[in-house]
Amino acid sequence: MKNVIILLALIFAPTASFGGDVSYGRYIPEPQKVNQTRLTYLFWDVYDIALYAPNGTYKNDAPFALEITYLLDLEGKDIAKVAKKEMKKLGQKNKDTLAKWHNQMAEIFPNVEKGERLVGIKGADGYAYFYNDGTFIGSVQDPEFTQYFFDIWLSPNTSRPDLRRELLKSDA
């Protein structure tokens, strides 16, 4: 009887999901959306981005996810190139490390078309997991990479402080 109750609890437990594709509960306990915003560059809307965290409360040392829905077509190699550039701005100066991370991202990130969704997850293990429209596309098992990657949007030193403020629902 106990096993049946546990099974039913797992089946009917409420879980949030990334656009209905990937269960947040797999990585994030009690996942809820913190907030969402849009990145606009000059006069182009580039992507919508949403932050998900346990109980809707972001903490850098806890699991969380960023869901990016692209509003224009981009090549994966360009996404990786911009991410590398932002990681360097955030203080990663080791050229070998940056090159390694760039190669890993270039292998993982696909070309995206308008409407496609990439999800990056910081797992409890400190690793980064990536999904494209609900399909697992890769991971980087390096906590330093994970920190630098998500700091692109969430660090107080981000090049997009307004976007960070919106994501975190903060005036900081």
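**Figure 1. The largest pocket holds about 750 Å³ of space.** Its lining has 29 residues, and L39, V46, Y47, L74 and V82 are the closest to the pocket's centre. This is a predicted model, so local features need pLDDT of at least 70, side-chain atom pairs count only at pLDDT 80 or more, and totals for chains, interfaces and linings use all residues. Residues are numbered from 1 along each chain as its sequence is written, and side-chain values use heavy atoms, with hydrogens and water left out. How do you find a pocket? Rolling a probe the size of a water molecule over the atoms shows where empty space is left. Here a pocket is an open set of points on a 1 Å grid over the protein atoms alone, where a 1.4 Å probe fits, with protein on both sides within 12 Å along at least five of seven lines; lining residues have an atom within 4 Å of a point. The volume is the space filled by probe spheres set on the points, which are joined across faces, edges and corners.

**Figure 2. Who lines the largest pocket?** At least two lining residues come from each of β3 (31-41), β4 (44-54), β5 (64-70), α2 (76-89), β6 (117-122) and α4 (143-154). Helix α2 gives the most, with 7 residues. Sorted by class, the lining has 20 nonpolar, 3 polar and 6 charged residues (nonpolar is Ala, Val, Leu, Ile, Met, Phe, Trp, Tyr, Cys and Pro; charged is Asp, Glu, Lys and Arg; polar is the others, Gly among them).

**Figure 3. The whole protein chain has 5 helices and 8 strands.** Both are DSSP runs numbered from the N terminus: helices are H or I with at least four residues, strands are E with at least two. Follow the sequence and you get α-β-β-β-β-β-α-α-β-β-β-α-α. Of the 172 residues, 43% are buried (under 20% relative accessible area with a 1.4 Å probe, protein chains only; exposed is over 50%, partly exposed in between).

**Figure 4. Two loop residues, L42 and D133, have a positive phi.** Most residues other than glycine have a negative phi. L42 goes the other way, with a phi of about 55 degrees, and it is found in the loop between β3 and β4. Is L42 buried or exposed? L42 is exposed, at 63% relative accessible area. The phi of D133 is near 45 degrees, and D133 is found in the loop between β7 (128-132) and β8 (135-140). D133 counts as partly exposed, at 32% relative accessibility.

**Figure 5. Aromatic rings meet in 16 pairs.** W101 and F145 make an edge-to-face pair, with 5.6 Å centre to centre and 80 degrees between the planes. (Rings of Phe, Tyr and Trp, using Trp's six-membered ring, pair if their centres lie within 6.5 Å; planes under 30 degrees apart are stacked, over 60 edge-to-face, the rest tilted.) This pair links distant parts of the chain: W101 sits in helix α3 (residues 95-108) and F145 in helix α4, 44 residues apart. Both W101 and F145 are buried.

**Figure 6. F109 and F130 form another edge-to-face pair.** Their ring centres are 5.2 Å apart, with the planes at 85 degrees. F109 lies in the loop between α3 and β6 and F130 in strand β7, so the pair ties together parts 21 residues apart in sequence. F109 is buried, at 7% relative accessible area, and F130 is buried too, at 4%. Zoom out and ring pairs link a cluster that includes F109, F130, W101 and F145, along with Y58, F64, Y148, F149, F150 and W153.
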